[in-house]
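Notebook open, model loaded. I want to get the layout straight before anything else, so here is what I looked up, in order.

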Amino acid sequence: MMQKFVLKVVFQEKKIMAKIMKTAISLGGVYSVSVDKKENKVVVIGDSIDAVDLVIKFREFCDAELVSLGPARNEKKIEPDNDHDIQYQNALAEWTKSYQAIHDRYFDAITAEDDRKACVIM
C-alpha cells in the first residue's frame with residue numbers, strides 16, 4: 001500500500017535541497033518526492049518505506065521532523081512525454097538498485113565473532 005510522508009525540514013541552501021532529493025530517491029520503494037521551499041515541506045510517496053529511517057537520513061544534514069503519515073490518495077501519475085523522460089526514469093531506477101546492492105554488500109560483512117573458524121591476530 002502506498003504511503004505518504006510529509007516532513008518539515010529547515011534548509012537555506014540549494015545544496016541541501018539536492019541532498020534531500022538524492023537521499024529520498026536512494027531509499028527503496030520511493031515513487032515520488034516533492035520539495036516545497038516556501039513551507040519547508042518534503043512530501044515522499046512510496047511503498048514499504050520506514051518513517052524513522054527517512055527522518056534519520058534527513059537529520060544527517062538538516063533539521064527534519066515527521067508532520068504526517070498516512071495512505072497516499074489517488075495521486076495523478078505523470079506520464080512521460082517523450083523517450084528522453086522514459087530513459088531518464090529507467091536510468092534512475094537502475095542507479096537506485098545498484099546503489100542499494102553496493103550498500104548491502106559493504107554493510108553485511110561477517111566478523112570474526114560470527115565465524116568461529118576465523119583467525120584473528122592481535
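In which sense do β1 and β4 pair, and over how many bridges? I am working on a predicted model here, and in it the two strands run antiparallel, paired over 8 bridges. I picked out one spot to keep my bearings: F5 stands opposite L69 in β4.

Next, the other hairpin. I find β2 (residues 30-36) and β3 (residues 41-47) paired over 6 bridges, again in the antiparallel sense. V30 has G46 of β3 as its bridge partner. Between the two strands of this hairpin sit 4 residues, and N40 takes a positive phi near 55°.

Then I put the sheet together. What is the strand order? Reading across, I get β2-β3-β1-β4, an open sheet of 4 strands with antiparallel pairing. β2 and β4 each have a single partner strand, so they are the edges, and one side of each has no neighbour in the sheet. I also noted the turn between neighbouring strands, which averages 15° with direction ignored.

On to the helices. I see α1 lying across β1, β2 and β3, at about 165° to β2. α2 lies across β1, β3 and β4, and its angle to β1 is about 25°.

I spent some time on α2 itself. Which residues of α2 are buried? For this helix, residues 51-58, I list A51, L54, V55 and F58. They sit on the same side of α2, because the arc they cover around the axis is only 95°. The spacing rule I keep in my head is that an α-helix has 3.6 residues a turn, so residues three or four places apart point the same way. What covers the buried residues of α2? The cover includes β1 (2-10), α1 (14-26), β3 and β4 (63-71).

Last, the aromatics. How many aromatic pairs does the structure hold? I count 1. F58 and F61 make up this pair, with 6.5 Å from centre to centre and 55° between the planes, which is a tilted arrangement. Is F58 buried or exposed? F58 counts as buried because its relative accessibility is 0%, and buried here means under 20%. F61 has a relative accessible area of 22%, so I put it down as partly exposed.

One entry to tie things up: F58 belongs to the buried set of α2 and also to the aromatic pair with F61.

Definitions and conventions
Residues are numbered from 1 along each chain as its sequence is written. This is a predicted model: local features need pLDDT of at least 70, side-chain atom pairs count only at pLDDT 80 or more; totals for chains, interfaces and linings use all residues. Side-chain values use heavy atoms; hydrogens and water are left out. Rings of Phe, Tyr and Trp (its six-membered ring) pair if their centres lie within 6.5 Å; planes under 30 degrees apart count as stacked, over 60 as edge-to-face and the rest as tilted. Buried means under 20% relative accessible area, exposed over 50%, partly exposed in between (1.4 Å probe, protein chains only). Two strands pair if DSSP finds at least two bridges between them. The arc is that of the directions from the helix axis to the C-beta atoms. Contact means heavy atoms within 4.5 Å. Axes are lines fitted to C-alpha atoms, for helices over the stretch in contact, and angles run from 0 to 180 degrees between N-to-C directions.
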